[in-house]
Amino acid sequence: MAFGEEHETDMSQDTMYFGATAVGHWDDLEQDSAGHVRWKLPLHASVDVLPPGSNTECYMVATENKRGWGQDGDGFTVCASADCCDFAFRTKVFGRFPDSVRRHNKGLLNQKQWNTMELALSEKHATYFLNGKQIATIEFRGDELPSKTPFIGMYAFTTSYKARNFRMRSLQPRIVTMQPIWHQPGHSQHLRAVCCSSAVAGFELCTLDAKNSDDTQLTLQTLVDSVAAKLGIPALLFGGGLDSLQFVTVDGRLIPLDEPATSVENVLASG
């Protein structure tokens, strides 16, 4: 069953649905006999959920065997709850609590309102967001992620809820070429702006000033946010296969993005 752009689906208790909409460019997605897609990683999944009560729990699941709790399920689950924020990630459909989880923020579902769950997933890492707030990150160990091409769905366990706008977007990173524009007052060199272009198609995406209106310097995070907005893709910058963009200089040097607060001028000058 597919959740159309505005179509609402009733997630009944003890059911899984796998009908997400593919957004953007995907290469050769395979389907099983039930018509369920095996999604290629890395990807960004998002869905809107509406919890009717204070005890509602909403789950996203990445699985190979598509079985639930008590059925030898192998799924890696992401939980959003209206009254508890203890169980961001579990494996084997609630059978195990992974050790390598880093919590960023606490977050609860807003009752009787639409909430957005998001999952950035690669073979090595996953990061979970609720209503735009980063909740937790996991580094997978062993068989915690059951497949490199998982089925990804929504799961209603002991409570029912509504869902809509279930979407998958490939996170195969877009490659962007950075052309620095320098000016040289006196004998010192200063960055004036950066021109960003699609490395594949060659067209210009945007030109960003090296300093903002408040005289602060352009950072790597602002660079990623601005270019991602131009491309209409999530502005993800976490490493572990979860970066939605990669930046290279005109001479082919890959720009490291592991310190988002670093100024673009310092990064370019260090090369």
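This briefing walks through the aromatic contacts, nonpolar cores and sheets of the structure above. The model is predicted, so local features need pLDDT of at least 70 and side-chain atom pairs count only at pLDDT 80 or more, while totals for chains, interfaces and linings use all residues. Residues are numbered from 1 along each chain as its sequence is written, and side-chain values use heavy atoms, with hydrogens and water left out. Two separate nonpolar cores appear below, one including Val-176, Leu-205, Leu-208 and Leu-220, and the other, the largest, holding 39 residues.

**Aromatic pairs and charges over rings**

- The structure holds 12 aromatic pairs; rings of Phe, Tyr and Trp (its six-membered ring) pair if their centres lie within 6.5 Å, and planes under 30 degrees apart count as stacked, over 60 as edge-to-face and the rest as tilted.
- Phe-76 and Phe-140 make an edge-to-face pair, because their ring centres are 5.0 Å apart and their planes stand at 85 degrees.
- This pair links distant parts of the chain, 64 residues apart: Phe-76 belongs to strand 8 (residues 76–81), and Phe-140 lies in the loop between strand 13 (133–139) and strand 14 (151–156). Strands here (E, at least two residues) are DSSP runs, numbered from the N terminus.
- Phe-76 is buried at a relative accessible area of 1%, and Phe-140 counts as buried at 12%; buried means under 20% relative accessible area, exposed over 50% and partly exposed in between, with a 1.4 Å probe and protein chains only.
- Tyr-155 and Phe-157 form a tilted pair, 6.0 Å from centre to centre with 40 degrees between the planes.
- Tyr-155 is buried, with a relative accessible area of 1%, and it joins Tyr-59, Trp-69, Phe-94 and Phe-157 in one aromatic cluster.
- Two charged ends sit over rings: Lys-66 over Phe-151, 4.5 Å from the ring centre, and Arg-164 over Trp-114, 4.1 Å from the ring centre. The criterion is NZ of Lys or CZ of Arg within 6 Å of the ring centre and within 35 degrees of the ring normal.

**Nonpolar cores**

- In the largest core, Leu-43, Met-60, Phe-76, Met-117, Leu-121, Tyr-128 and Met-168 touch the most other members. A nonpolar core is a set of buried Ala, Val, Leu, Ile, Met, Phe, Trp, Tyr and Cys residues joined through side-chain atoms within 4.5 Å.
- Among the elements that give two or more residues to this core are strand 6 (43–50), strand 7 (57–63), strand 11 (115–121) and strand 15 (161–170).
- Leaving aside neighbours within four places in sequence, Leu-43 is in contact (heavy atoms within 4.5 Å) with residues including Trp-26, Leu-119, Ile-152, Met-168 and Leu-171.
- The second, separate core has 23 residues.

**Strand 13 and its partners**

- Five of the seven residues of strand 13 are buried, so this strand is largely enclosed by the rest of the structure.
- Strand 10 (residues 101–103) pairs with strand 13 in the antiparallel sense over three bridges; two strands pair if DSSP finds at least two bridges between them. Arg-102 stands opposite Thr-137 in strand 13.
- Strand 12 and strand 13 run antiparallel and are joined by six bridges, with Lys-133 in strand 13 as the bridge partner of Leu-130.
- The hairpin of these two strands has two residues between the strands, and Asn-131 takes a positive phi near 50 degrees there.

**Two open sheets**

- One open sheet has four strands in the order 18-17-16-19, with mixed pairing. Strand 18 (204–209) and strand 19 (245–249) each have a single partner strand, so one side of each is left without a neighbour in the sheet.
- Inside this sheet, strand 16 (residues 174–183) and strand 17 (residues 190–198) pair in the antiparallel sense over eight bridges, and Trp-182 stands opposite Leu-191 in strand 17.
- Thr-249 is found in strand 19 and counts as buried at 8% relative accessibility. Beyond its neighbours within four places in sequence, Thr-249 is in contact with Thr-177, Met-178, Ile-255 and Leu-268.
- Another open sheet has five strands in the order 2-14-7-8-9, with antiparallel pairing. Its edge strands are strand 2 (15–17) and strand 9 (89–90), each pairing on one side only.
- Two bridges join strand 8 to strand 9, and Arg-90 in strand 9 is the bridge partner of Thr-77.
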